[in-house]
Amino acid sequence: MNNTFNKMVCMVLSYIALLSPPAHAFMEQDIDKHMQAQKRLTGTWKLTAAPEIRADGSQSASFGNNPHGLLIIDENGYYSLQIYKSIRSKFASGDKRKGTEAEYRAAAIGTSSHYGRCFIDTERNVLVFRIEHASLPNWDGSEQTSQFELKGDELTYRVPASASGNSIAAISSWKRLR
């Protein structure tokens, strides 16, 4: 009886193996899904808005009403991102090594930049920035995940308040340049 049972189990497992797609087919589907998502992100994006949402729900525009920025993402997911306040004061000395404390503070607060790898996590449906280095040193080596919306040539994502450490969430809106 034991021999007959073993034969039946082997036969059932053989049928299951015949009817099931090979494991590499699942991996190929996942890779294809990831590549399609990455292709949707690839390009040069111009910043269109960068409002901030305070914990009480009110909005502010710490980068001004017309912020400037560029996000470049290549086909391998490497990215470079810069955001600048719309109106920035020049250093009185004209030399960045001879700025005043107020000039340095304004320059630092009026700029956000980082680079690394960027991709869509298709499992969780979030945008992920794996930050190698950033203008805010606290972000070096960190990962930010954001809820996002990508419609055609418009990308919007929300940087969680926890990323800034100041309970303010930032929204970044971008338009792909053609």
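In the predicted model, glutamine 38 is in contact with Ile73, Asp74, Glu75, Gly77, Cys118 and Phe119, once neighbours within four places in sequence are set aside. Glutamine 38 belongs to helix H2, which spans residues 23-41. Its relative accessible area is 6%, and glutamine 38 is therefore classed as buried, the limit being under 20%.

The protein chain as a whole contains four helices and 11 strands. It has 178 residues, and 31% of them count as buried. Of the contacts between residues at least 6 apart in sequence, 47% join residues at least 24 apart. The exposed area of the protein chain is about 12,100 Å², and 56% of this area comes from carbon and sulfur atoms.

Leucine 47 is a residue of strand S1 (residues 43-49). With a relative accessible area of 4%, leucine 47 is buried. Apart from residues up to four places away in sequence, leucine 47 touches Pro67, His68, Gly69, Ile83, Ser173 and Trp174. The C-alpha atom of leucine 47 is separated by 7.3 Å from that of serine 172, although the two residues are 125 residues apart along the chain.

Histidine 114 is located in strand S6, which covers residues 111-121. The relative accessibility of histidine 114 is 6%, so this residue counts as buried. Its side chain and that of tyrosine 79 are joined by a polar contact of 2.6 Å. Tyr79 also appears in the list of residues in contact with histidine 114. With neighbours within four places in sequence left aside, the other members of that list are Ser80, Leu81, Phe129, Ile131, His133, Ala134 and Trp139.

Pockets were then examined. Empty space left between atoms is shown by rolling a probe the size of a water molecule over them. The largest pocket has a volume of about 650 Å³. Its lining comprises 29 residues, and those nearest the centre of the pocket are Glu52, Phe63, Thr111, Ser112 and Trp139. Trp139 is also one of the residues in contact with histidine 114. By class, the lining of the largest pocket consists of 18 nonpolar residues, 10 polar residues and one charged residue.

Several secondary structure elements each supply at least two residues of the lining of the largest pocket. The strands in this group are S5 (78-84), S6, S7 (126-134), S10 (154-159) and S11 (169-176). The helices in the group are H3 (101-109) and H4 (161-164).

The second largest pocket holds about 150 Å³ of space. Lys85, Ile87, Arg88, Ser89, Lys90, Phe91, Glu103, Ala106 and Ala107 line the second largest pocket. Four of these lining residues are nonpolar, one is polar and four are charged.

Alanine 92 lies in the loop between S5 and H3. Alanine 92 counts as exposed because its relative accessibility is 77%, and exposed residues have values over 50%. Computed along the sequence, alanine 92 and glutamate 103 are 11 residues apart, while their C-alpha atoms are 8.5 Å apart in space. Glutamate 103 is one of the residues that line the second largest pocket.

Two further loop residues were considered. Glycine 141 occupies the loop between S7 and strand S8 (143-146). With a relative accessibility of 67%, glycine 141 is counted as exposed. Outside its neighbours within four places in sequence, glycine 141 is in contact with Ile131 and Glu132. A C-alpha separation of 8.9 Å is found between glycine 141 and glycine 116, which are 25 residues apart along the chain.

Asparagine 125 is placed in the loop between S6 and S7. Its relative accessibility of 47% falls between the buried and exposed limits of 20% and 50%, so asparagine 125 is partly exposed. The phi angle of asparagine 125 is near 55°, a positive value in a residue that is not glycine. Most residues other than glycine have a negative phi.

Technical notes:
Residues numbered from 1 in each chain as written. Predicted model: local features only at pLDDT ≥ 70, side-chain atom pairs only at ≥ 80, totals over all residues. Heavy atoms only, no water. Buried < 20%, exposed > 50% of the residue type's maximum accessible area, 1.4 Å probe, protein only. Polar contact = N/O pair within 3.5 Å; in protein donor to acceptor, adjacent residues only side chain to side chain. Contact = heavy atoms within 4.5 Å. 1 Å grid on protein atoms, 1.4 Å probe; cavity = no way out; pocket = protein on both sides within 12 Å on 5 of 7 lines; lining within 4 Å. Points joined across faces, edges and corners; volume = space filled by probe spheres on them. Nonpolar A, V, L, I, M, F, W, Y, C, P; charged D, E, K, R; others polar. Areas by Shrake-Rupley, 256 points an atom, 1.4 Å probe, with all protein chains shown as cover.
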